[in-house]
Structure formats: structure tokens, C-alpha cells
Amino acid sequence: MKRIFASLCLLLLLETFARSAAAQSWNASGPLPRSNHSAVLDTSTNRMIVFGGFPFDTNSTQNLNDIWRLNGAGGIGLGWVQVKPKGTQPAPRWGHSAAYDPGSNRMIVFGGAEGRSSPCANDVWILTNANGSGGAPAWTQLSPAGGPPAARTTQGGVYDPTTNTLIVYGGQDCGSTVFGDVWVLSNANGTGGTPTWTQLSPSGGGPGPREAVGQSVVYDLTTNELILFAGQPPNGGSPFNDVWVLSNANGSGGTPSWTQLSPSGTPPAARAGTSATYDPTTNRMTIFGGQIASAPNLGTNDVFVLRHANGI
């Protein structure tokens with residue numbers, strides 16, 4: 001009886017391990033290899049939505065404008081599904097900003113480079129039913145009032161779902177001009193009224209023009225603050241490793257103001273092209289990787305955590 005029980009336990013263990021291993025394995029089929037694409041996550045369905053990017057295909061001279069959805073993005077039951085939305089598609093691009101509004105199930109896309117180096121775009125697109133629920137996904141181009149911001153790529157972009165605003169900082173014009181401006185798009189998901197661009201005029205000087213900030217711009221919606229780490233200055237100068245906070249970042253609550261933080265501890269090496277996430281419950285920003293200033297031909301895979309990241 002003991003042998004039978006032991007055998008049953010072993011079989012159950014092996015079956016559990018096999019299921020766990022299968023759940024952790026990637027589906028071999030999926031998007032083409034790419035960089036400078038966008039990815040947003042819908043936590044309610046555990047689905048990541050990927051759009052566009054710069055392909056690593058020697059036979060291709062075009063950017064991408066395809067949509068892929070990764071089901072089980074949290075690590076269980078991973079599988080890629082190509083999405084073919086209705087409507088006119090945005091032009092292929094890389095270095096654009098994208099955000100997801102869970103309340104309306106819409107993905108917002110702004111700007112990016114339509115060529116391998118130029119031209120740049122400043123258009124705004126909405127993908128409805130972005131997570132695949134509630135109906136067929138469809139593209140719609142918005143026609144915002146105000147502004148608009150100059151066409152750009154490699155800008156930082158964050159979304160405030162409580163006020164339905166997209167906040168855009170910096171980037172470059174697919175040429176020699178690098179921006180240090182801040183723009184806010186109200187009614188950014190295309191609902192609630194006419195989408196409208198407003199340029200902010202923050203006090204406090206600020207970080208100045210820089211690009212390649214990508215995901216190194218994060219947002220704390222509880223304090224309405226945009227947090228910036230690192231980035232690339234104009235004319236290919238040496239990257240930064242500084243931290244700046246923009247208060248009243250969505251344009252409400254008072255005059256926006258830049259404040260440079262002076263964190264304790266050993267800082268990360270100066271870099272560009274790093275990624276960052278923010279946890280509002282612990283007030284921590286986590287950065288990963290990037291291109292190190294002291295070794296511009298090499299990347300890094302280090303991880304740093306900035307505590308009390310919003311400066312409060």
C-alpha cells in the first residue's frame with residue numbers, strides 16, 4: 001500500500017511539474033524580432049498588447065504597424081495571437097508612445113518615426129476593444145484641438161486614467177532637434193469630449209532637452225507627478241543618470257514645477273535607453289538595463305531601485 005501511495009504521489013508531482021513547465025514555456029510562433037515598439041498591459045485579462053517597432057529583418061526596409069496580443073502575460077498559459085483590427089491602420093512606426101486605459105479598453109498611440117530615420121509623426125490613434133474583449137478591435141484616428149506638439153520620436157509618454165490625459169515629454173524630430181517640452185492631451189482616449197493639446201510651462205528650470213527616455217518616464221497618479229530618470233542630450237552627448245520630478249504633471253492642481261532629486265546611495269551609471277516601472281504602493285521606481293555612457297557599444301542588464309521616488 002505504501003508503494004502504491006508513493007507511486008501515486010510521484011505521478012501527481014510529475015504531472016504538476018509538466019503542467020508548470022508547459023505554462024512557463026514560450027510559444028515559438030509570434031511577432032518578428034523588433035525594437036522601439038510599444039507594449040501595454042491589461043491586468044484584468046492578463047494580456048499584453050504590442051504595436052509596431054523597428055524590425056530586425058535584413059530583407060525589410062519598412063517599419064512595423066502590426067498588433068500582437070500575448071495572452072497569459074503574467075506567465076501562465078503564454079501564447080501569441082496576431083490581431084487584425086478593423087479600420088485604417090496607423091502608418092508603420094517606431095519610437096512612438098502608447099498607453100492603455102483599462103476603463104474604456106482602449107490603447108492610445110502618439111507620434112513616432114515613420115521611416116528608418118524620418119519622417120516623424122505627431123498623430124494620435126485609438127485602438128478600441130484593445131484586449132480582444134467586448135467586440136472586434138478597430139483603429140480610429142483622433143483630430144485633437146490645440147497645439148499640436150511638433151512631430152517627434154523617442155519621447156516619454158505616460159497616461160493618467162483618473163483624468164484621461166496623456167502626458168508627453170521630450171523626444172527628437174527625426175533630425176537634429178531635441179525637445180524638452182511637456183504636452184498634455186485631454187480626453188486622450190477619444191471619449192468625454194474633444195481631445196485637446198495643451199503645452200505646459202513648468203517652473204524650476206527642468207531637465208532640458210533629451211531623447212531616448214522611452215520607458216524611463218513613469219507617473220505617480222496618487223500625487224500627479226511625472227518621474228524622469230536618465231536620457232540622451234542633444235547632439236549625441238553623454239547620457240545622464242539624474243532624477244527629476246514634475247509636479248502637477250497632468251496640468252491640474254496648480255502650476256507644474258520641475259524639481260531635481262538628490263538620491264542617497266550609489267547611483268546607476270549614466271545611460272540611455274533604459275526601462276523603468278513604478279509601484280505607487282511602495283513609491284519605488286525600478287530601472288533595468290540601457291546603454292552605458294562609459295561603454296557606448298555595450299548594454300547592461302543591471303537593476304536599480306529608487307526608494308521614495310516621487311520625492312515626497
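The exercises below, each with a worked solution, concern the strands of a predicted model.

**Exercise 1.** Determine what the secondary structure content of the protein chain is, and what share of its residues is buried.

*Solution.* Begin with the elements: the protein chain holds one helix and 21 strands. Then turn to burial, for which a residue must have under 20% relative accessible area; buried residues make up 45% of the 312 residues in the chain.

**Exercise 2.** Work out the strand order of the open sheet of four strands, and explain why one side of β6 and of β9 is left without a neighbour.

*Solution.* The order is β6-β7-β8-β9, and the pairing is antiparallel. Because β6 (97-101) and β9 (138-141) stand at the edges and each has a single partner strand, one side of each is left without a neighbour in the sheet. From one strand to the next, the twist averages 20°. Within this sheet, β7 (residues 106-113) and β8 (residues 120-128) are paired over six bridges, and Ala113 has Cys120 in β8 as its bridge partner.

**Exercise 3.** Trace the pairings of strand β12, and establish how many of its residues are buried.

*Solution.* Start with β11 (residues 165-172), which runs antiparallel to β12 and is joined to it by six bridges, with Gln172 opposite Val178. Five residues lie between the strands of this hairpin, where Cys174 takes a positive phi near 65°. Next, β12 pairs with β13 (residues 196-200) over five bridges, again in the antiparallel sense, and Ser186 has Thr196 in β13 as its bridge partner. Finally, β12 (residues 178-186) is mostly covered, since seven of its nine residues are buried.

Notes:
Residues numbered from 1 in each chain as written. Predicted model: local features only at pLDDT ≥ 70, side-chain atom pairs only at ≥ 80, totals over all residues. Heavy atoms only, no water. Pairing = 2+ DSSP bridges. Helix = DSSP H or I, 4+ residues; strand = E, 2+ residues; numbered from the N terminus. Axes fitted to C-alpha atoms, helices over the stretch in contact; angles between N-to-C directions. Buried < 20%, exposed > 50% of the residue type's maximum accessible area, 1.4 Å probe, protein only.
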